[in-house]
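Hi everyone, thanks for making time. I'd like to walk you through a structure that's new to most of you, so let's put it up on the screen.

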Amino acid sequence: MTPSAPDGPVPKGRSRRNFAGARPVMADVARMAGVSKQTVSRVLNDHPAVRTETREAVQDAMRTLGYRPSRSARSLASGRTRMLGVISFDAARYGPASILTAINTAAQKAGYLVSSIALDTADHDTVVEAVNRLSAEGADGVIAIAPQLWVGRTLAEATDLGTPLVVLENALDDETSLVTGDSRTGARKATEHLLGLGHTTVWHIAGPTGWTSAHHRLTGWQSTLRAAGAAVPDPLVGDWSAGAGYDLGRRLARRPEVTAVFASNDQMALGLLHALHESGRSVPGDVSVVGYDDIPEAAHFLPPLTTVRTDFAEIGTRSLRLLVDRIDGPGESPRIDTLVPVDLVVRASSAPPPVR
């Protein structure tokens, strides 16, 4: 008989170990709560037949022991839970929100429920808490929308659960599968389009430092200019918002040599259009503008915005399909990197440069 763990606080992020040196198991939780292992399994699977006081006793025992259920423990009552976890950051933005919608739709078709956790911050403890919560809920697998570089490092530390994991935007390690839009190619298409119209160079309003997509678009823009032998202006760094595009656009509007600008997303392009109009510089007569994402409103900007279309629905659908394949696949699954193609949508905001 394995003795239960001693009393006392457990450091955050650490699991209690029993006297034999092993991580606590379901039997330890059952013993501490005074119930059977089957009851613990029913609590893990949120079975409606468990009384409230019994459920609370089991949950208290799990917290005291620092118990994190294994996939095999979660499946004792009903096999798989048919529930998937999603962790997202900045979920109010168009891209992440569209991806979440697509994941939910694809999950329903595949017979899964989705438990989503939207985080405002990406600090270590917050991410670990989200992973632990999804594990306790019995998620068969996890999709993480990790747009920032440091989020990937935190997730890599927090998801040592033997649970299948698919990451959007940000590669974690040699095992974790990645799904992302092809931002480098999108930036190349945007920059080549403007150069092909006759502009001698292209200025860039970049996304915030540390964001994977912003970094890829920045490097794609820079490498395309260098390959064409064009000057590479210093990028202006924004925060994805229309307000940032407006503020940076006012700076660009004061420079008569600026005839073409590539913005890292459509919201910043919208602010840029506002600043140029306010400064008396016409688009595309004086300055051509290209955005990124092709949000639904982009076709209704004044003028309608040339932009790079990202198929967020396809990203969400592919990530769900890849996660289910990893859950269903026997043994170790190889890492799979999926780049979702992007398309340039040409509208009225881009044209040849003005004749000097």
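Okay, let's start with one residue, threonine 201. In this predicted model, threonine 201 counts as buried because its relative accessible area is 11%, and the cut-off for buried is under 20%.

So where do you find it in the chain? Look at the loop between helix 8, residues 183-196, and strand 6, residues 203-206: threonine 201 sits there.

What does threonine 201 touch, if we skip residues up to four places away in sequence? The list goes Leu195, Leu225, Ala230, Ala231, Pro233 and Ala260. Keep an eye on alanine 231, which also has a polar link here: its backbone oxygen is 2.5 Å from a polar side-chain atom of threonine 201.

Now, on to the empty space. There are two cavities of 30 Å³ or more in the structure, and the largest cavity holds about 190 Å³ of space. It has 20 lining residues, and the ones closest to its centre are Arg93, Glu169, Ser213, Arg217 and Phe312.

Which elements give two or more residues to that lining? Those are helix 5 (94-109), strand 5 (177-181), helix 9 (212-227), strand 9 (288-293) and helix 12 (312-328). Helix 5 supplies the largest share, with three residues.

And what about the chemistry of that wall? Sorted by class, the lining of the largest cavity has 10 nonpolar residues, six polar ones and four charged ones.

That's my tour, thanks for listening.

Note on methods: Residues numbered from 1 in each chain as written. Predicted model: local features only at pLDDT ≥ 70, side-chain atom pairs only at ≥ 80, totals over all residues. Heavy atoms only, no water. 1 Å grid on protein atoms, 1.4 Å probe; cavity = no way out; pocket = protein on both sides within 12 Å on 5 of 7 lines; lining within 4 Å. Points joined across faces, edges and corners; volume = space filled by probe spheres on them. Helix = DSSP H or I, 4+ residues; strand = E, 2+ residues; numbered from the N terminus. Nonpolar A, V, L, I, M, F, W, Y, C, P; charged D, E, K, R; others polar. Buried < 20%, exposed > 50% of the residue type's maximum accessible area, 1.4 Å probe, protein only. Polar contact = N/O pair within 3.5 Å; in protein donor to acceptor, adjacent residues only side chain to side chain. Contact = heavy atoms within 4.5 Å.
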